[in-house]
Amino acid sequence: MPTSRRSFAVAAVAALVLPLSACGSGGGGGSSDASGKVEGDITFQTWNLRANFKPYFEGLIADFEEKYPGTHVKWIDQPAEGYADKISADAAGGTLADVVNVSPDLAAPLAQAGLALDLDKAAGQYEKEYLEAAWASQQVPGLEGTYAFPWYLNTGPLFYNKSLFEKAGLDAGKPPTTYDELFGTALQLARKTDGEVATLANVPTIEDFGRYGVPLMNDEGTAFAFDGAKGVELLTRYKELYDAGGLDSQALTATPESSGKKFLTGAVAMNPGSALDLANFRKQAPSLYENIGITDQITSTGHVNMYVMGLLVNSQSERKPAAVAFARFVTDAAHQMSFAKQVAVFPSSAGSLDDPYFTEEDGTDETRVRVAAAKSLKTAVNYTPVLFSEQMKTELRNEVAKALQGKQSPEEALDNAVKACDRLLKQQG
C-alpha cells in the first residue's frame, strides 16, 4: 500500500513535478474516445501492493483476460518510496502505464498535462456506479472532467491508551470528543506525567486544518486561505501543546510510521488508525491491545476525513478500450468488495457500504471499527485539496515547525506558508 495500513494514506504522497512545457494543456492530450473492441496488451501499475496482495491481483488479471479474450495485462508494481518520481519520469518520457494507481494529488498534474483520460467523456455512463463524493474526488479545480475511476477509500477512528489516561487521573471511559477536550486532555496528561507522555505525535497537516473547520482555499480554487483567524487559532493551540510537552518532542520530523511506533511503545497516548491496526496491536503490543480505547475522529465540521485512491487511464494509451475496461473491472462493486475484505479498506462503489459486512457488528473490536468507519464514510470529506502538492506540504510543515519552535508567530508562519503555496500553485498551471 502507498502508506502504512494504519490509515492508508496519511498521505505520505509526493506530488508530481512535470516539465513546465507539459503543463497547461487542460486535459486535452489524446482522444477521449474509448469505444471499440476490448483487446490488446496493456500495462497496469500499482503502488506497493505486490508484496501483500500478489495472489489477489494475479487472479483479478486472469479473470479479466478470460472475460476479454485477446487481452493481456502486464502488472507493474512500484515501491512506495519514490512512487511519484517514477510517475513523473514516465510521464515526461512517454512511458506512463495504461492504467495507473494514483491518489487525487498525483492525478492532478497528469490531468493538467493532458495525460489523464477524461472519464466524463470517455466513460461517463459508469459514474452512477460510484459514490458521488468518490467520483467528485477525482476532479481537478480549473479543469472540466473526472480523471480517475474511484477505487478504495479509508478512514478510521482515534485510538487511545487507557492505561496512560488512568495514570494521569483521566477518565479512560470518556475520551475527548471535541478539540477543546482534546487539547485540555493533552495538557493535563503532560502535566501529570511531567512531560514524559505526549498525547499526539504529529504536527498539524492540511487535513487537520480542514477538520478543524479552517477554509483551505478560496471558492474558485485559485488561492489558499488557511492563514485566516481559524487557522491561526489551531496553530496557536498546537504551540501551547508543544511548549507543555503534550506534543511529542520528535513531532517536527515524524512520519506516520514513526508516530505509529510511538503509540505502540506507550510514548504517546493517542493516534489515528484503522481496523487493521487492531490485529497489529494484538500481535506486536499485547499490553497495549488490552488497554486500547477507540473513539471517533475529532472534527469541528461534522465530517470525518476520507482518504481515496483511484485508477487513472493514460490518455495517450493506444489501447484505451482495454484500459478503460480494465480500470472499471478492478473498481466494479464485486471486485471492490472482495478487495475490501482482504485489505481492511472500503469500497467506493455505490451501495456497497450498505452490505451487512459494513453494517452488522459481531461483538469484536475489528467489526466495531469497520461498521463505524463505513457509516462515517457516507458523509466523509477528502480535506486535502487536490492541488496541494508535496512541495506545498513541505512548505506548510516547515513553517509550522518554525512557529512551534518560537522562531515566528503562528500568524507569520501561516502567512508565509500560504504565500509559498500560492506561488507553487501558479507554477503548476
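Helix α9 is followed by Gly245, a residue whose phi is positive, near 90°. The model discussed here is a predicted one.

## Helix α9

Helix α9 covers residues 229-244, and its 16 residues should span 22 Å at 1.5 Å a residue. The C-alpha atoms at its ends are 23 Å apart, which agrees with that expectation. The buried residues in α9 are Gly231, Val232, Leu234, Leu235, Arg237, Tyr238, Lys239 and Leu241. Arg237 and Lys239 are thus listed as buried alongside Val232 and Leu234. The helices against which the buried residues of α9 pack are α7 (179-192), α8 (206-211), α17 (390-404) and α18 (410-428).

## Helix α17 and the loop before it

Helix α17 has 15 residues, for which a rise of 1.5 Å a residue gives a span of 21 Å. Its end C-alpha atoms are 21 Å apart, in agreement. Buried in α17 are Met392, Lys393, Leu396, Glu399, Val400, Ala401, Ala403 and Leu404. The cover over these buried residues includes α3, α8, α9 and α18. After α17 comes Gly406, with a positive phi near 80°.

The loop between α16 (365-377) and α17 contains Leu387. With a relative accessible area of 5%, Leu387 falls under the 20% cut-off and is therefore buried. Leaving aside residues up to four places away in sequence, Leu387 touches Ala108, Gln112, Val140, Pro141, Gly221, Phe224, Met392, Leu425 and Gln428. Of these partners, Ala108 and Gln112 are among the buried residues of α3, and Met392 is among those of α17. Leu387 and Arg423 are 36 residues apart in sequence, with their C-alpha atoms 12 Å apart in space.

## Helix α3

In helix α3 (residues 104-112), 9 of the 9 residues are buried. They are Pro104, Asp105, Leu106, Ala107, Ala108, Pro109, Leu110, Ala111 and Gln112. Both strands and helices contribute to the cover of α3, which includes β1, β3 (99-102) and β8 (307-313) as well as α2 (83-93), α17 and α18. Gly114 follows α3 and has a positive phi, near 80°.

## Positive phi outside glycine

Most residues other than glycine have a negative phi. Asn48 and Asp194 have positive values instead, near 60° for Asn48 and about 55° for Asp194. Asn48 sits in the loop between β1 (40-47) and α1 (50-67), and Asp194 in the loop between α7 and α8. Asn48 is partly exposed, at a relative accessible area of 28%, whereas Asp194 counts as exposed at 70%.

The table gathers the accessibilities of four residues.

| Residue | Element | Relative accessibility | Class |
|---|---|---|---|
| Leu387 | loop between α16 and α17 | 5% | buried |
| Asn48 | loop between β1 and α1 | 28% | partly exposed |
| Glu412 | helix α18 | 44% | partly exposed |
| Asp194 | loop between α7 and α8 | 70% | exposed |

Glu412, in helix α18, is also one end of a separation across the chain. Its C-alpha atom is 48 Å from that of Ser338, a residue 74 places away along the chain.

## Helices α13 and α14

Helix α13 (residues 320-331) packs with helix α14 (residues 333-343) at an angle of about 50°, and their axes are 5 Å apart. That angle makes α13 oblique to α14. On the side of α13 the contact is made by Phe329, Val330 and Thr331, and on the side of α14 by Ala333, His335 and Gln336. By class the contact has 3 nonpolar and 3 polar residues, and no charged ones.

## The chain as a whole

The chain holds 18 helices and 9 strands. Its radius of gyration is 22 Å, close to the 22 Å that the globule rule gives for 429 residues, so the chain is as compact as a globular protein of that length. The C-alpha trace spans about 70 × 50 × 30 Å along its principal axes. Of the 429 residues, 57% count as buried. Among contacts between residues at least 6 apart in sequence, 77% join residues at least 24 apart.

Note on methods:
Residues are numbered from 1 along each chain as its sequence is written. This is a predicted model: local features need pLDDT of at least 70, side-chain atom pairs count only at pLDDT 80 or more; totals for chains, interfaces and linings use all residues. Side-chain values use heavy atoms; hydrogens and water are left out. Helices (H or I, at least four residues) and strands (E, at least two) are DSSP runs, numbered from the N terminus. The expected span of a helix is 1.5 Å times one less than its number of residues. Buried means under 20% relative accessible area, exposed over 50%, partly exposed in between (1.4 Å probe, protein chains only). Contact means heavy atoms within 4.5 Å. Axes are lines fitted to C-alpha atoms, for helices over the stretch in contact, and angles run from 0 to 180 degrees between N-to-C directions. Angles under 35 degrees count as roughly parallel, over 145 as roughly antiparallel, 65 to 115 as roughly perpendicular and the rest as oblique. Ala, Val, Leu, Ile, Met, Phe, Trp, Tyr, Cys and Pro count as nonpolar, Asp, Glu, Lys and Arg as charged, and the others, Gly among them, as polar. The radius of gyration is taken over C-alpha atoms; the globule rule is 2.2 Å times the number of residues to the power 0.38.
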